[in-house]
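Me: Could you take a close look at one loop of this model and then, starting from there, work outward to the pockets and the charged pairs? I would like one connected account with the values kept in view.

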Amino acid sequence: MKRFLICGLLSVFFLSGLCAGPFGLSMGMNLDEIRDACGGVRPQKAAEFDFDFGDDVYVISPEKTHSAFDVYFARVNENAGLYRIIAGADAIPDTDYGENVKNRFYSVAESISKTYGKPELTDAYRGERGLFDGASDWMTALTRGDRVLEALWLAESGQDLLPGDVAGIWLKAIGIYSGSSTSGYAGALVLRYDFANGAAVAEQEENVF
């Protein structure tokens with residue numbers, strides 16, 4: 001169940017001196033530097049854990065973690081170094097109303113906001129009206145993709161980046177089917193940090209065509 005959840009979560013996203021950033025990591029770190037920042041635990045290819053997310057994706061063990069997340073991934077380019085961090089959470093059992101998921105989401109968003117400012121928040125129903133838009137259908141709609149709960153942090157107008165060379169942050173809640181939940185559904189959070197060097201990595205990949 002946990003492996004299925006993590007794959008579902010992360011499929012949403014995979015399509016000189018160092019200053020510590022999110023989870024104690026910084027843009028451009030190579031694998032040795034990430035290892036040192038993770039207390040000597042070397043990053044391991046995600047493929048070794050049967051996660052098929054690409055050759056540059058590694059499972060990491062940051063020393064600085066958050067209780068809302070239990071698995072961490074880093075995308076590390078051979079030339080640009082660390083350019084993305086993704087944190088995923090195990091299932092959050094919930095009722096039809098989704099109170100546990102919402103509380104966890106807003107708690108994490110508030111913590112991130114203390115460092116990066118207020119996000120662009122989307123908490124809306126986007127499905128067919130009258131179908132699953134009731135309060136008691138909250139988890140059903142989230143699981144179906146009819147409801148969106150996400151927060152996006154971007155640099156303010158006139159600024160290039162967020163603190164720590166961060167180009168953007170995305171926090172998203174998703175719903176999954178769970179037989180262990182009283183409602184039949186559970187929720188989870190996924191959090192992504194994109195560093196400024198990610199644009200160069202994308203350009204490098206586009207230039208091969």
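Reply: The place to begin is Phe-23, which sits in the loop between α1 (2-11) and α2 (31-37). What follows describes a predicted model. The backbone at Phe-23 has a phi near 60°, a positive value in a residue that is not glycine. The side of the residue that meets solvent is limited: with a relative accessible area of 12%, Phe-23 falls under the 20% cut-off and therefore counts as buried.

Phe-23 also belongs to the description of the largest pocket, whose volume is about 340 Å³. This pocket is lined by 15 residues, and those closest to its centre are Pro-22, Phe-23, Ile-112, Thr-115 and Tyr-193. Two elements, α3 (99-116) and β9, each give two or more residues to that lining, and α3 supplies the largest share, with five residues. By residue class, the lining of the largest pocket is made up of eight nonpolar, six polar and one charged. The loop residue with positive phi is thus also one of the residues closest to the centre of the largest pocket.

Strand β9 leads from this pocket to the charged pairs. Among the 11 salt bridges in the structure is one between Asp-194 and Arg-84, with the closest N and O atoms 2.6 Å apart. Asp-194 is in strand β9 (residues 185-195) and Arg-84 in strand β4 (residues 81-88), so this pair ties together parts of the chain that are 110 residues apart in sequence. Both partners are buried, Asp-194 at a relative accessible area of 16% and Arg-84 at 14%.

A further salt bridge connects strands β7 and β8. The side chains of Glu-150 and Lys-172 meet at 3.4 Å, N to O, and the pair links distant parts of the chain, since Glu-150 lies in strand β7 (residues 147-154) and Lys-172 in strand β8 (residues 166-177), 22 residues apart. Glu-150 has a relative accessibility of 19%, which is under the 20% cut-off, so it counts as buried; Lys-172, at 16%, is buried as well. The two side chains are also joined by a polar contact of 3.4 Å.

The loop between β7 and β8 holds Asp-165, which offers a second case of positive phi in a residue other than glycine, here about 65°. Its surroundings can be set beside those of Phe-23: Asp-165 has a relative accessible area of 37% and is partly exposed, whereas Phe-23 is buried at 12%.

Arg-144 and Asp-146 form another salt bridge, with the closest N and O atoms 2.7 Å apart. In this pair the partners fall into separate accessibility classes, because Arg-144, at 46%, counts as partly exposed, while Asp-146, at 14%, counts as buried.

The second largest pocket, with a volume of about 220 Å³, gives another setting for charged residues. Its lining consists of Asn-30, Leu-31, Asp-55, Asp-56, Tyr-58, Arg-75, Val-76, Asn-77, Glu-78, Gly-81 and Glu-205. Strand β3 (residues 71-77) gives the most to this lining, with three residues. By class, the lining divides into three nonpolar, three polar and five charged residues, whereas that of the largest pocket has eight nonpolar, six polar and one charged.

To place these parts in the whole, the chain contains five helices and nine strands, which follow one another along the sequence as α-α-β-β-β-β-β-α-β-α-β-β-β-α. Of its 209 residues, 46% are buried. The chain exposes about 10,900 Å², and carbon and sulfur atoms supply 47% of that area.

Returning to the starting point, the loop between α1 and α2 holds Phe-23, a residue with phi near 60° and a relative accessible area of 12%, and it is one of the five named residues closest to the centre of the largest pocket.

Key: Residues are numbered from 1 along each chain as its sequence is written. This is a predicted model: local features need pLDDT of at least 70, side-chain atom pairs count only at pLDDT 80 or more; totals for chains, interfaces and linings use all residues. Side-chain values use heavy atoms; hydrogens and water are left out. A salt bridge is a side-chain nitrogen of Lys or Arg within 4 Å of a carboxyl oxygen of Asp or Glu. Helices (H or I, at least four residues) and strands (E, at least two) are DSSP runs, numbered from the N terminus. Buried means under 20% relative accessible area, exposed over 50%, partly exposed in between (1.4 Å probe, protein chains only). A polar contact is a pair of N or O atoms within 3.5 Å; within protein, one must be able to donate a hydrogen and the other to accept it, and residues adjacent in sequence count only if both atoms are side-chain atoms. Accessible areas come from the Shrake-Rupley method with a 1.4 Å probe; for residues, only the protein chains shown count as cover. On a 1 Å grid over the protein atoms alone, a cavity is a set of points where a 1.4 Å probe fits but cannot get out, and a pocket is an open set with protein on both sides within 12 Å along at least five of seven lines; lining residues have an atom within 4 Å of a point. Grid points are joined across faces, edges and corners, and a volume is the space filled by probe spheres set on the points. Ala, Val, Leu, Ile, Met, Phe, Trp, Tyr, Cys and Pro count as nonpolar, Asp, Glu, Lys and Arg as charged, and the others, Gly among them, as polar.
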